[in-house]
Amino acid sequence: KAIANYEGSPEEKFAFERTQWRFLIKNDLWFILNFVLKIPKVNHEYVINTCREIESGPNNKTLDLRFREGFKSTVITIAETIQYTLKCPEHCNGLFCYVKPLAEKFLFAIKEAFSLPILINFFPDVLYANAEREAPIWSLEKGIVVKRKQTRPEPTVGAYGLIEGMPTGIHLERRVYDDIVTQDICENYEVMEKVKIKFDMSQSLGKEDGRHRVVGTPYAYDDPLAYIRNKKSIDGTPLYHVRFKPITEDGTPSGKPVFVTQGYLDDLKTLK
């Protein structure tokens with residue numbers, strides 16, 4: 001409304017509009033979901049509250065355990081990575097899954113977002129007009145690089161795997177661990193143990209003042225997410241800030257769903 005009612009020349013109005021959009025994108029995750037990525041169903045109270053909770057809570061050593069389709073990856077792995085990059089283009093992000101191809105699907109979404117005209121127009125200081133031709137690196141395999149002043153070996157956003165595709169010799173300001181356990185590997189004890197070991201090893205890839213988040217859906221009582229949830233600091237306090245969001249309001253199978261439809265929840269109950 002403020003943009004529509006702004007009085008001034010077309011050039012002045014565009015400058016004002018760009019200032020407003022830049023501020024909102026840098027500070028409002030829900031704004032990114034709704035107005036930039038244009039994802040359906042984001043007007044739901046659950047999604048709005050999820051965005052606010054992520055924004056107002058700790059930004060380091062967080063563990064979000066949520067049901068499938070609970071917007072954990074959409075908000076944290078994708079939208080927040082977009083936001084963080086636009087705010088801190090000199091910093092580098094690492095997206096970690098248990099294997100590299102899974103991480104590349106998240107990088108693909110971010111790569112596509114950075115090719116949207118709306119972001120290119122409002123962030124010409126960060127994004128290339130034609131990244132495929134102009135950016136030093138712009139691929140799922142090697143990562144993507146936005147406009148930055150410093151020269152460093154790490155891509156701005158890279159996709160990595162814990163047990164397949166683990167990088168070496170890089171130092172990241174921000175890491176996101178997503179899909180480090182899936183239904184497939186939770187049936188394989190040896191693979192789950194390897195993921196736990198590799199997760200601990202990957203901590204050396206973060207900078208001293210860096211941050212990281214872990215998101216996922218638990219599949220087994222002893223899976224890597226449970227291992228991370230139970231980690232303790234030297235003084236015995238929990239190492240991670242845990243946010244556990246079940247699919248129903250009271251956490252029971254018969255409870256009212258918080259986001260998905262009752263029909264979808266009933267279908268899930270029929271699965272083994």
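**Entry 1. Terms and model**

I take contact to mean heavy atoms within 4.5 Å. I note also that the model I am reading is predicted.

**Entry 2. Leu-119 and the nonpolar cores**

I looked up which residues Leu-119 touches, not counting residues up to four places away in sequence. I found Ile-25, Val-36, Ile-82, Leu-86, Ala-113, Phe-114 and Leu-127.

I then turned to the largest nonpolar core, which has 49 residues. I recorded Ile-25, Leu-86, Phe-114, Leu-119 and Leu-127 as those that touch the most other members. For the elements that give two or more residues to this core, I listed the helices α1 (10–27), α2 (29–36), α3 (45–56), α4, α5 and α6 (117–122), together with the strands β2 (93–99) and β5 (157–164).

I also found a second, separate core of 23 residues. I noted Tyr-98, Leu-172, Phe-199 and Tyr-240 among its members.

**Entry 3. Strands β2, β5 and β6**

How many bridges join β2 to β5? I counted six, and the two strands run parallel. I looked up individual partners in β5: Phe-96 is bridged to Tyr-160, and Asn-93 is bridged to Val-157.

I found that β2 pairs with strand β6 (residues 172–178) as well, in the parallel sense and over four bridges. Here I noted that the bridge partner of Leu-95 is Val-176 in β6.

I next checked burial, for which the cut-off is under 20% relative accessible area. In β2, seven of the seven residues are buried, so I describe this strand as largely enclosed by the rest of the structure. In β5, six of the eight residues are buried, so β5 is also largely enclosed by the rest of the structure.

**Entry 4. Thr-62 in strand β1**

I located Thr-62 in strand β1, which covers residues 62–66. Is Thr-62 buried or exposed? I recorded a relative accessibility of 0%, so Thr-62 counts as buried.

Leaving aside its neighbours within four places in sequence, I found Thr-62 in contact with His-212, Arg-213, Val-214, Tyr-240, His-241 and Arg-243. One of these, Tyr-240, I had already entered as a member of the second core. I also looked up Val-176, which is 114 residues from Thr-62 along the chain. The C-alpha atoms of Thr-62 and Val-176 are separated by 9.9 Å.

**Entry 5. Thr-50 in helix α3**

I located Thr-50 in helix α3. Its relative accessible area is 3%, and I therefore enter Thr-50 as buried. Not counting residues up to four places away in sequence, I found that Thr-50 touches Arg-66 and Val-75. I also looked up Lys-245, which is 195 residues from Thr-50 in sequence. From C-alpha to C-alpha, Thr-50 and Lys-245 are 9.8 Å apart.

**Entry 6. Two loop residues with positive phi**

I found Lys-61 in the loop between α3 and β1. Phi of Lys-61 is near 55 degrees, a positive value in a residue other than glycine. I entered Lys-61 as partly exposed, with a relative accessible area of 33%.

I found Phe-71 in the loop between β1 and α4. Phi of Phe-71 is near 70 degrees, again a positive value in a residue other than glycine. With a relative accessible area of 10%, Phe-71 is buried.

**Entry 7. The largest pocket**

I looked next for open space. Rolling a probe the size of a water molecule over the atoms shows where empty space is left.

I recorded about 710 Å³ of space in the largest pocket. Of the 22 residues that line this pocket, I noted Phe-67, Arg-68, Thr-217, Ile-247 and Leu-268 as the closest to its centre. The elements that give two or more residues to the lining are β1, β8 (241–245) and α10 (262–269). Which element gives the most to the lining of the largest pocket? I found that α10 does, with four residues. By class, I entered 12 nonpolar, five polar and five charged residues for this lining.

**Entry 8. The second largest pocket**

I recorded about 450 Å³ of space in the second largest pocket. Of the 22 residues that line this pocket, the closest to its centre are Arg-68, Glu-69, Lys-72, Ser-73 and Asp-179. I listed α4 (72–87), α5 (100–113) and β7 (206–216) as the elements that give two or more residues to the lining. I divided the lining residues of the second largest pocket into eight nonpolar, seven polar and seven charged.

Key: Residues numbered from 1 in each chain as written. Predicted model: local features only at pLDDT ≥ 70, side-chain atom pairs only at ≥ 80, totals over all residues. Heavy atoms only, no water. Buried < 20%, exposed > 50% of the residue type's maximum accessible area, 1.4 Å probe, protein only. 1 Å grid on protein atoms, 1.4 Å probe; cavity = no way out; pocket = protein on both sides within 12 Å on 5 of 7 lines; lining within 4 Å. Points joined across faces, edges and corners; volume = space filled by probe spheres on them. Nonpolar A, V, L, I, M, F, W, Y, C, P; charged D, E, K, R; others polar. Core = buried A, V, L, I, M, F, W, Y, C linked by side-chain atoms within 4.5 Å. Pairing = 2+ DSSP bridges.
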